[in-house]
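Me: I'd like to learn how to read a structure at my own pace, one feature at a time. Can you walk me through this one?

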Amino acid sequence: METTGTSVEPAADAELQRRLVYGDESALTEAYAAYSGLVRGVAVRVTRSPAAAEDVAQEVFAQLWSRPYGFDARRGSLRTWLSVLAHRRAVDWVRSEARHRKAAAADDSALQAIPDTGPGPDETVVDRERSLLLHSALAELPQSQREVVHLAYFAGRTYRQAAVELGIPEGTAKTRLRSALRKLAESMADPPDPAWERGA
């Protein structure tokens, strides 16, 4: 739907809400036409991402449609209510992205607990043994953990992408990856990164 730049008078907010409660789709169209630009503007200022702002806008109007009784015209205008809702959703998005970045950084640092298997000029024999040990340790992992490690560190996927490819929740993929890295670190006689213990 395109924003027309129209606005809804505060006095009409209660009537608009009543129509939404009764499932009048044209009421949602009117609200979107009047306020989608405002909602996206609030969201993009918080997220700094037009794509994220569009997602936030969709969530805000989906909530207006599914729970119109959440708005109370006696306590303020629909414009204000949607602005506050957009801001909250945008802040939630920023916090979620920060958590994902922190988790990805922790997983990357966890990989450092596994010794580098690339042989140096004076360490050919030692490094070959380490490589064999690593492959042996990988082979001993349960298949579910092996799949995540392969996708994350040999196929270049993030744990979130691995979760999608394997059809499992992100939390499950992350747990399997941590467990696998812990076992590999123990097999290589190297203690796991403290970041694992903190659940970073």
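Reply: Let's begin with contact, which means heavy atoms within 4.5 Å. Before using it, note that this is a predicted model, where local features need pLDDT of at least 70, side-chain atom pairs count only at pLDDT 80 or more, and totals for chains, interfaces and linings use all residues. Residues are numbered from 1 along each chain as its sequence is written, and side-chain values use heavy atoms, with hydrogens and water left out.

Me: Okay, take Leu78. Which residues is Leu78 in contact with, leaving aside its neighbours within four places in sequence?

Reply: Those are Asp13, Leu16, Tyr35, Leu64 and Phe71. You can also use contacts for the whole chain: among those with a separation of 6 or more, 63% are between residues 24 or more positions apart.

Me: Now the overall layout. How many helices and strands does the chain have?

Reply: Helices (H or I, at least four residues) and strands (E, at least two) are DSSP runs, numbered from the N terminus. Here you get nine helices and zero strands, so the element string from the N terminus reads α-α-α-α-α-α-α-α-α.

Me: And what counts as buried or exposed?

Reply: Buried is under 20% relative accessible area, exposed is over 50%, and partly exposed is in between, with a 1.4 Å probe and protein chains only. By that rule, buried residues make up 36% of the 200 residues in the chain. As for the surface, areas come from the Shrake-Rupley method with a 1.4 Å probe, and for residues only the protein chains shown count as cover. The chain exposes about 11,700 Å², with carbon and sulfur atoms supplying 51% of it.

Me: Which residues have the most contacts inside the largest nonpolar core?

Reply: The idea first: a nonpolar core is a set of buried Ala, Val, Leu, Ile, Met, Phe, Trp, Tyr and Cys residues joined through side-chain atoms within 4.5 Å. The largest one has 24 residues, and the ones with the most contacts inside it are Val39, Val60, Phe61, Leu64, Leu78, Trp81 and Leu82. Helix H1 (10–21), helix H2 (25–47), H3 and H4 each give two or more residues to this core. H2 gives the most, with nine residues. Apart from it lies another core, of ten residues, including Ala137, Leu138, Val148 and Leu177.

Me: Trp81 is on that list. How many aromatic pairs does the structure hold?

Reply: Rings of Phe, Tyr and Trp (its six-membered ring) pair if their centres lie within 6.5 Å; planes under 30 degrees apart count as stacked, over 60 as edge-to-face and the rest as tilted. The structure holds two such pairs. One of them joins Phe71 and Trp81, and it is tilted, at 5.9 Å centre to centre with 55° between the planes. This pair links distant parts of the chain, ten residues apart: Phe71 is in the loop between helix H3 (50–66) and helix H4 (78–111), while Trp81 is in helix H4. Phe71 counts as buried because its relative accessibility is 3%, and Trp81 is buried too, at 19%.

Me: On to charges. How many salt bridges are there?

Reply: Side chains of opposite charge can pair when their charged atoms come close. The cut-off: a side-chain nitrogen of Lys or Arg within 4 Å of a carboxyl oxygen of Asp or Glu. The structure holds eight salt bridges. Take Glu15 and Arg18, which meet at 2.7 Å, N to O. Both lie in helix H1, three residues apart, about one turn of the helix. Glu15 is partly exposed at 38%, and Arg18 is partly exposed at 42%.

Me: What about one that goes between helices?

Reply: Try Arg19 and Glu30, whose closest N and O atoms are 2.9 Å apart. Arg19 lies in helix H1 and Glu30 in helix H2, so the pair ties together parts that are eleven residues apart in sequence. Arg19 is buried at 16%, whereas Glu30 is partly exposed at 36%. Another case is Arg160 with Glu97, at 3.9 Å, N to O. That pair links distant parts of the chain, with Arg160 in helix H7 (residues 159–166) and Glu97 in helix H4, 63 residues apart. Salt bridges that share partners also join Arg19, Asp24 and Glu30 into one network.
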